[in-house]
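Visitor: I have not looked at this one before. Can you walk me through it?
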Amino acid sequence: MTKFTEMEMIVLTILAENHIKYGDGDWYDEDGYAHPDTYELTTDGSGECGTIFSKNNLDPKIYRGVIGSLHSKGALEVDEYSTGMPSKGFVPMIAITISKNAFNEIKAAA
């Protein structure tokens, strides 16, 4: 049993599966950080990369709130940055990954 709601578990499971796929089942890479490939975009200013919403058929109007709740619970790490696009200039990009504690909790509950 976890402290997360069913909808939060959907997001956390997606992110945890990324760690299992790219991180050999561990939360971190060889330097102790989340593997870069485990992050999912929530904001794609370029319109070219796809987001956790589009890749997993999640309604962004609902799941943005779910992600906000997870962030407030400390279950996510967030990376905000800009990337240069020749036709658009610098555009915002926001990516999330599961926190180490949340990953360990999900892994233990499985």
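Guide: What follows goes from the overall layout to the sheet and then to the core.

Guide: Keep in mind that this is a predicted model. The protein chain averages a pLDDT of 86, and 91% of the residues score at least 70.

Visitor: Where is confidence lowest, and where is it highest?

Guide: Confidence is lowest in helix 4, residues 100-109, with a mean of 84. Helix 3, residues 60-72, has the highest, at 95.

Visitor: OK. How many helices and strands does the chain have?

Guide: There are 4 helices and 3 strands. Starting at the N terminus, the order is α-β-α-α-β-β-α.

Visitor: What is the radius of gyration, and what does the globule rule give?

Guide: The radius of gyration is 14 Å, close to the 13 Å that the globule rule gives for 110 residues, so the chain is as compact as a globular protein of that length. The C-alpha trace spans about 45 × 35 × 20 Å along its principal axes.

Visitor: Now the sheet. In what order do the strands sit?

Guide: The order is 1-3-2, in an open sheet with antiparallel pairing. Strand 1 (40-44) and strand 2 (76-85) are at the edges. Each has a single partner strand, so one side of each is left without a neighbour in the sheet. From one strand to the next, the twist averages 25°.

Visitor: How many bridges join strand 2 to strand 3?

Guide: 10 bridges join them. One of the residues involved is Leu 76, whose bridge partner in strand 3 is Ile 98. The two strands form a hairpin, with 3 residues between them.

Visitor: Which helix packs on the sheet, touching strand 1, strand 2 and strand 3?

Guide: That is helix 1. The direction of helix 1 makes about 90° with that of strand 3.

Visitor: Different topic: how many residues are in the largest nonpolar core?

Guide: It has 20 residues. Those with the most contacts inside the core are Val 11, Leu 12, Ile 52, Leu 70 and Ile 98. Two or more residues each come from helix 1 (6-22), helix 2 (52-56), helix 3, strand 3 (89-98) and helix 4.

Visitor: Which of those gives the most?

Guide: Helix 1 does, with 5 residues.

Visitor: And Ile 52, what does it touch?

Guide: Leaving out residues up to four places away in sequence, Ile 52 touches several residues, among them Val 11, Ile 14, Leu 15, Leu 41, Ile 67 and Ile 96. Glu 40 and Thr 42 are also in that list.

Visitor: Last one. What share of the chain counts as buried?

Guide: Of the 110 residues, 37% count as buried.

How values were computed
Residues numbered from 1 in each chain as written. Predicted model: local features only at pLDDT ≥ 70, side-chain atom pairs only at ≥ 80, totals over all residues. Heavy atoms only, no water. pLDDT = per-residue confidence, 0-100. Core = buried A, V, L, I, M, F, W, Y, C linked by side-chain atoms within 4.5 Å. Buried < 20%, exposed > 50% of the residue type's maximum accessible area, 1.4 Å probe, protein only. Contact = heavy atoms within 4.5 Å. Pairing = 2+ DSSP bridges. Axes fitted to C-alpha atoms, helices over the stretch in contact; angles between N-to-C directions. Rg over C-alpha atoms; globule rule 2.2 N^0.38 Å.
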